[in-house]
Amino acid sequence: MCCRICKANIFGKGVAAFLKTIDATVQPLKFIPLSWSLAEEIEAIRKASGNVQYVYTFASLFVWKETEKYEICIGNGAFVVKNGAEGENAYLFPCGSAKGKKELIDSLIEYETPVFYSISDEDKEFLEKEYPDRFSFAERREDFIYLYDKKAQIELKGKDYKRLRHKVNQGREAAQEWVYEPIDASNVERALAINKIWAESLEDKASADVCAVETALNNFTRLSMWGFILKADGEDTAFVAGTFITPEIFDLCFCKVLNKRCGFFAKWALYCELPEQVHTVDSEEDLGIEGIRSHKLQRMPKELRRMWKGSFIK
């Protein structure tokens, strides 16, 4: 009976279906643009896998999709994002179930030589276990994630926080009256105006993340973002905004300040207003820019989460 079944599969009408089944696991992946219709599925996969890297939230992917030239492929409880801004075969490391991630990686390495970004220590271990000696790794210091303890950032106790206490006082004293207004549909245009003025003040216009900020603000409520406009003596002076990666972890995405003396004060004001259950503020990476790195280190992170680039070896 076994032989007759095999012959039917090999020589009969079932041959096409049989070969299709064999080839199913090695078909090239099909990538599609990020859209609102994918929001729930992406977030469900991310949360089910316990992934707390900000870059995998739908809000971050959607906000940066134009700048980073993101496209996505979803399958079997996992997704992988093509990062066109980094190159033809560049991807964020897959997010999701272990089985789903492996199937996506298997499909990629069958047809090309992928390079993965945003690889955590745990992701690196996964690749080393599943694909021994098939990936070379390079530490990406510019992609390290800065994590801050919310309570410590509010209280600023001890000599290590002396400089930050001074910055808070400096910002507070820059105006006789500070008013915080939650960002919503009624005032989002004012936040956009702050961003425009901030971008125009930069000497290096290329460094302004104007497109991402505009996308975030124009979709503020739909992306479940949270933040404030700060008014100094009646004048719009800054806005700070981000998203909740989990109820306990807040991603501080944007802080645009028109008075440089008030930069840390604006962040501190947001920390003070965050919900009680938040214990960690993710301040993302420094992009390898010395000024940003110095600023983030001065703010006393509780952790620098290491990131890697992994290149497949043909």
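What percentage of the 314 residues of the protein count as buried? I looked this up at the start, keeping in mind that the model is predicted, and found that 46% of the residues fall in the buried class.

**Entry: overall layout**

I went through the secondary structure next, and it comes to 13 helices and 14 strands. I then turned to contacts between residues at least 6 apart in sequence, and noted that 67% of these join residues at least 24 apart.

**Entry: the nonpolar cores**

I looked for the largest nonpolar core and found that it has 58 residues, among which Phe-79, Ile-105, Phe-116 and Phe-239 touch the most other members. Helix H4, which covers residues 58-63, gives this core its largest share, namely 5 residues. I also noted a second core, separate from that one, which has 28 residues and includes Tyr-146, Ala-238, Ala-266 and Tyr-271. As background I wrote down that nonpolar side chains tend to be buried together in soluble globular proteins.

Which residues does Phe-79 touch, when those up to four places away in sequence are not counted? I listed Ile-42, Ile-45, Arg-46, Tyr-56, Leu-61, Ile-72, Cys-73, Ile-74, Pro-94, Cys-95 and Leu-104.

**Entry: aromatic pairs**

I counted the aromatic pairs, and the structure holds 18 of them. I took Phe-31 and Tyr-91 as one example, where the ring centres are 5.7 Å apart and the planes are at 35°, a pair classed as tilted. The two residues lie 60 residues apart in the chain, with Phe-31 in the loop between helix H2 (15-23) and strand S1 (32-33) and Tyr-91 in strand S4 (residues 90-96), and the pair therefore links distant parts of the chain. Phe-31 and Tyr-91 are both buried.

Why is the pair of Phe-93 and Phe-116 described as edge-to-face? I noted that the planes of these rings stand at 80°, with the centres 5.8 Å apart, and the class follows because planes over 60 degrees apart count as edge-to-face. This pair too links distant parts of the chain, since Phe-93 belongs to strand S4 and Phe-116 to strand S5 (residues 115-119), 23 residues apart. I checked burial here as well, and both Phe-93 and Phe-116 are buried.

Tracing further, I found that Phe-31, Tyr-91, Phe-93 and Phe-116 belong to one aromatic cluster, together with Phe-126, Tyr-131, Phe-135, Phe-137 and Phe-312. I also looked for charges over rings, and noted that the charged end of Lys-124 sits over the ring of Phe-137, 5.1 Å from its centre. In another such arrangement, the charged end of Lys-296 sits over the ring of Tyr-146, 5.7 Å from the ring centre; Tyr-146 was already in my notes as a member of the second core.

**Entry: salt bridges**

How many salt bridges are there? I recorded a count of 17. One of them joins the side chains of Lys-157 and Glu-155, at 3.7 Å from N to O. Here Lys-157 counts as exposed, at 60% relative accessibility, whereas Glu-155, at 38%, counts as partly exposed.

I next looked up Arg-190 and Glu-181, whose side chains meet in a salt bridge at 2.9 Å from N to O; Arg-190 is partly exposed, with a relative accessible area of 27%. Glu-303 and Arg-305 form another salt bridge, in which the closest N and O atoms are 3.8 Å apart. Both of these partners are partly exposed, Glu-303 at 34% relative accessibility and Arg-305 at 21%. I also noted a network in which salt bridges with shared partners join Glu-86, Arg-140, Glu-142 and Asp-143.

**Entry: cysteines**

I searched for disulfides and found that the structure holds 0. I looked up the accessibility of two cysteines, and noted that Cys-262 counts as buried at 3% relative accessibility, whereas Cys-272 is partly exposed, with a relative accessible area of 32%.

**Entry: Thr-243**

Is Thr-243 buried or exposed? I found a relative accessible area of 5% for Thr-243, which means that this residue is buried, since the class takes in values under 20%. Thr-243 is found in strand S10, which covers residues 235-246. Leaving aside neighbours within four places in sequence, I listed its contacts as Ala-59, Leu-223, Ser-224, Met-225, Ile-249, Phe-250, Asp-251 and Cys-253.

Terms used:
Residues are numbered from 1 along each chain as its sequence is written. This is a predicted model: local features need pLDDT of at least 70, side-chain atom pairs count only at pLDDT 80 or more; totals for chains, interfaces and linings use all residues. Side-chain values use heavy atoms; hydrogens and water are left out. A nonpolar core is a set of buried Ala, Val, Leu, Ile, Met, Phe, Trp, Tyr and Cys residues joined through side-chain atoms within 4.5 Å. Buried means under 20% relative accessible area, exposed over 50%, partly exposed in between (1.4 Å probe, protein chains only). Helices (H or I, at least four residues) and strands (E, at least two) are DSSP runs, numbered from the N terminus. Contact means heavy atoms within 4.5 Å. A salt bridge is a side-chain nitrogen of Lys or Arg within 4 Å of a carboxyl oxygen of Asp or Glu. Rings of Phe, Tyr and Trp (its six-membered ring) pair if their centres lie within 6.5 Å; planes under 30 degrees apart count as stacked, over 60 as edge-to-face and the rest as tilted. A charge sits over a ring if NZ of Lys or CZ of Arg is within 6 Å of the ring centre and within 35 degrees of the ring normal. A disulfide is a pair of cysteine sulfur atoms within 2.5 Å.
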